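Work through the exercises below with the sequence and the structure open. Each task is followed by a solution in short steps.

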Amino acid sequence: MPAVMDELSATAEIRLHYSGPDNLFIDRMMLFRIFLNLLRNAQDAGAKQMTIDVWQAGHLAVIDISDNGPGIDNSIRDRIFLPLPLAALLISGWGWQFALIWRSPLKAG
């Protein structure tokens with residue numbers, strides 16, 4: 001996570017709040033890629049503030065990522081999680097990483 005913060009903090013304020021479980025059993029590289037792609041997309045869309053909140057719900061960790069960018073245009077919102085390459089063709093380069101981000105945790109179980 002420090003690498004993500006270093007890369008993006010030059011042009012945006014990134015806040016991390018952690019009140020989650022003591023131990024997380026997750027693929028660290030997959031989580032890094034998800035965070036990096038989401039934060040880069042937010043930055044590319046013009047966000048200047050990004051927040052990652054990790055909190056605990058029972059025995060699970062919940063991760064919320066938010067930013068102050070303009071949001072996802074309604075015209076493509078229903079297509080951003082389509083599998084690639086279909087998403088790339090339909091969205092034409094606009095946030096195509098969302099399809100990968102969506103599938104990564106599903107593959108991990």
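**Exercise 1. A salt bridge and its exposure**

Classify Glu 13 as buried, partly exposed or exposed from its relative accessibility, then find its salt-bridge partner.

Solution.
- Step 1. Glu 13 has a relative accessibility of 37%. Buried would need under 20%, and exposed over 50%. Glu 13 therefore counts as partly exposed.
- Step 2. The model is predicted, and side-chain atom pairs count only at pLDDT 80 or more.
- Step 3. The partner of Glu 13 is Arg 15, with 2.9 Å between the closest N and O atoms. The cut-off for a salt bridge is 4 Å.
- Step 4. Arg 15 has a relative accessibility of 35%, so Arg 15 is partly exposed too.
- Step 5. Search the whole structure, and one salt bridge turns up. Side chains of opposite charge can pair when their charged atoms come close.

**Exercise 2. Fold and confidence**

State how many helices and strands the protein chain has, and say where confidence is lowest and where it is highest.

Solution.
- Step 1. Count the elements: four helices and three strands.
- Step 2. Read them along the sequence: α-β-α-β-β-α-α.
- Step 3. Check the average. The protein chain has a mean pLDDT of 76, and 68% of the residues score at least 70.
- Step 4. Go element by element. Strand 2 has the highest confidence, at 92, while helix 3 (residues 86–91) has the lowest, at a mean of 50.
- Step 5. Add burial. Of the 109 residues in the protein chain, 28% are buried.
- Step 6. Add contact range. Among contacts with a separation of 6 or more, 52% join residues 24 or more positions apart.

**Exercise 3. The geometry of helix 2**

Compare the expected span of helix 2 (residues 28–44) with the distance between its end C-alpha atoms, then inspect both ends.

Solution.
- Step 1. Helix 2 has 17 residues, and the rise is 1.5 Å a residue. The rise is multiplied by one less than the number of residues. The expected span is therefore 24 Å.
- Step 2. The end C-alpha atoms are 24 Å apart, so model and expectation agree.
- Step 3. Look at the start. A side-chain oxygen of Asp 27 comes within 3.0 Å of the backbone nitrogen of Met 29.
- Step 4. Look at the other end. Asp 44 belongs to helix 2. Its relative accessible area is 67%, so Asp 44 is exposed.
- Step 5. Go just past the helix. Gly 46 has a positive phi of about 105 degrees.

**Exercise 4. The buried side and the core**

List the buried residues of helix 2, and find which element gives the most to the largest nonpolar core.

Solution.
- Step 1. The buried residues of helix 2 are Met 30, Leu 31, Ile 34, Phe 35, Leu 36, Asn 37, Leu 39, Asn 41 and Ala 42.
- Step 2. Recall the helix repeat. An α-helix has 3.6 residues a turn, so residues three or four places apart point the same way.
- Step 3. The largest nonpolar core has eleven residues: Leu 8, Ala 12, Ile 14, Leu 31, Phe 35, Leu 39, Ala 42, Ala 47, Met 50, Ile 52 and Val 54.
- Step 4. Helix 2 and strand 2 (49–57) each supply at least two residues of this core. Helix 2 gives the most, with four.

**Exercise 5. Contacts across the sequence**

Which residues does Ile 63 touch, leaving out those up to four places away in sequence?

Solution.
- Step 1. Place the residue. Ile 63 sits in strand 3 (residues 60–67). Its relative accessible area is 33%, so Ile 63 is partly exposed.
- Step 2. Read off the partners: Leu 31, Phe 35, Ile 52, Asp 53 and Val 54.
- Step 3. Check from the other side. With the same sequence filter, Leu 31 touches Ile 26 and Ile 63.
- Step 4. Extend to the loop between strand 3 and helix 3, where Gly 69 is found. Gly 69 and Asp 44 are 25 residues apart in sequence, with C-alpha atoms 9.2 Å apart.
- Step 5. Ile 72 is in the loop between strand 3 and helix 3. Ile 72 and Ala 45 are 27 residues apart in sequence and 8.9 Å apart from C-alpha to C-alpha.

How values were computed
Residues are numbered from 1 along each chain as its sequence is written. Side-chain values use heavy atoms; hydrogens and water are left out. Buried means under 20% relative accessible area, exposed over 50%, partly exposed in between (1.4 Å probe, protein chains only). A polar contact is a pair of N or O atoms within 3.5 Å; within protein, one must be able to donate a hydrogen and the other to accept it, and residues adjacent in sequence count only if both atoms are side-chain atoms. A nonpolar core is a set of buried Ala, Val, Leu, Ile, Met, Phe, Trp, Tyr and Cys residues joined through side-chain atoms within 4.5 Å. Contact means heavy atoms within 4.5 Å. pLDDT is the predictor's confidence in each residue, from 0 to 100. A salt bridge is a side-chain nitrogen of Lys or Arg within 4 Å of a carboxyl oxygen of Asp or Glu.
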